[in-house]
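Please examine the structure shown below together with its sequence. The paragraphs that follow are intended to be read alongside both.

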Amino acid sequence: MATRRIGIIVNGATGRMGYRQHLVRSLLAIREQGGVELAGGDRLLPELLLVGRNEEKLAEIAERHGLQNWTTDLDAALADDDYEVYFDALVTSRRLDNLKQAIAAGKAIYTEKPTAETFEDALELARLAKAAGAVSGVVHDKLYLPGLLKLRRLIDSGFFGRILSVRGEFGYWVYEGDWQPAQRPSWNYRAEDGGGIVADMFPHWNYVIEELFGRIEDVYAQTATHITERWDENGEKYTATADDAAYGVFRLEGGTVVQMNSSWDVRVHRDELVEFQIDGTDGSAVVGLHGAWIQPREATPKPVWNPDVKDEHNYHDDWIEVPDNQGPAGFDNGFKVQWEDFLRHVGEGRGAEYPYDLLAGARGVRLAETGLASAAEGRRIALDPLTEA
Ligand SMILES: NC(=O)c1ccc[n+]([C@@H]2O[C@H](COP(=O)([O-])OP(=O)(O)OC[C@H]3O[C@@H](n4cnc5c(N)ncnc54)[C@H](O)[C@@H]3O)[C@@H](O)[C@H]2O)c1
């Protein structure tokens, strides 16, 4: 069986996500394992061209990982027919123009979310890709997390009966940056630079909800900028203008109610940085990034409210851990698994119909934009199905 190369332009390899999750954990790991296997047995081996603004940083990363090809000239990279895929992990505010240029250059597109800063722009990207017949993929990494894969298994098995509600808790304490450096980039806290937890997290909640629980019919959100002063990468104080917490309620087709708290200003008293509790008529589950616990109807205790007596029952003990059932290799990195899916899709010439495409990305941006509008106007806002660009 033959090994074929697939050229990928990697823009943003110096960033937090671009470097760690996409370059090191995904693309280099795929190269190390000898590529991805296609239907028919051939293998597809990524060949990378790193693009960025800073020659020194690019050269340093290239050398560290034994890569030969890097450039600061995006136009030249896009004009190079040896590279079929354009990948973008830049700051969100830079994405629109680059994706437009890459679509015009005839590339397949793979990109971080959010795909644009406004729904209008995100939809335009989906339309441009459609008109060009371009394959497009948007990072939907949370769907590939072990915890959420276990959740999908539970849903497929019919474990829950009718799903009544979902409560999600996402967040952790992000340092302000003065006496301890912040663990996230400062642009995340400036609205004028594309920051904000709604813009960051609602695109994730959109695909998690629509893929696992159903279409979102309407949204209500309350946002807050709880911490208004932070310190940037150079130790300079700045005004945090973007929302750093969002309290959202999403009503789904079929009646399920999803509540999501997203916050960079909470201290964790959970097992994981994100957890969802799903309550159904026949059973409930609590899932995180990795773990999953269930409580079937038959094993549900019958608490009686009595504040006068200390309740000695340990409610945590009522839950059963869901096993991995995933073989000796276990679950792979979610970003890598989606890269493999996408590359197989392109390599097997399956056409423009990749499920997590720029239209799905646009729905994510729409949820963020609508969430912010809901918060600003103090009302619940309905969402139409958006199945065509
Ligand atoms: N899928 C996820 O779970 C996830 C998590 C975090 C961030 N993200 C997304 O990934 C993207 C990058 O986020 P990050 O946290 O890695 O940010 P980052 O600030 O660490 O990296 C941003 C990259 O953009 C480059 N850049 C910044 N300003 C630029 C400019 N003016 N022109 C050209 N390049 C510029 C930087 O050099 C760097 O390579 C964002 O769109 C973010 O929403 C996704």
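The text below treats the strands, the ligand shell, an annotated domain and one helix in turn.

This is a predicted model. A suitable starting point is strand β1 (residues 3–11), which pairs in the parallel sense with strand β3 (residues 43–51) over nine bridges. Within that pairing, Thr3 has Arg43 of β3 as its bridge partner. β1 also pairs with strand β5 (residues 85–88), again in the parallel sense, over four bridges. Here Val85 in β5 stands opposite Ile8.

The ligand is surrounded by 20 residues, of which the closest are Gly15, Arg16, Met17, Glu112 and Pro185. Helix α1 (residues 16–32) contributes three residues to this shell, the most given to it. By class, the shell comprises seven nonpolar, six polar and seven charged residues.

An unreviewed UniProt entry places the feature "domain: GFO/IDH/MocA-like oxidoreductase" at residues 149–285. In the model, the end C-alpha atoms of residues 149–285 lie 13 Å apart, and the span is 18% helix and 36% strand.

Helix α6 covers residues 146–157. Its end C-alpha atoms are 17 Å apart, which agrees with the 16 Å that its twelve residues should span at 1.5 Å a residue. The buried residues of α6 are Pro146, Gly147, Leu148, Lys150, Leu151 and Leu154. Their cover includes α7 (197–212), β15 (283–287) and β16 (292–296). After α6 comes Gly158, which has a positive phi, near 80°.

Key:
Residues numbered from 1 in each chain as written. Predicted model: local features only at pLDDT ≥ 70, side-chain atom pairs only at ≥ 80, totals over all residues. Helix = DSSP H or I, 4+ residues; strand = E, 2+ residues; numbered from the N terminus. Expected span 1.5 Å × (residues − 1). Buried ≥ 20, exposed ≤ 12 C-beta atoms within 10 Å, placed from the backbone. Contact = placed C-beta atoms within 7 Å. Near = placed C-beta within 6 Å. Nonpolar A, V, L, I, M, F, W, Y, C, P; charged D, E, K, R; others polar. UniProt positions renumbered as here; feature names shortened; annotations may be inferred. Pairing = 2+ DSSP bridges.
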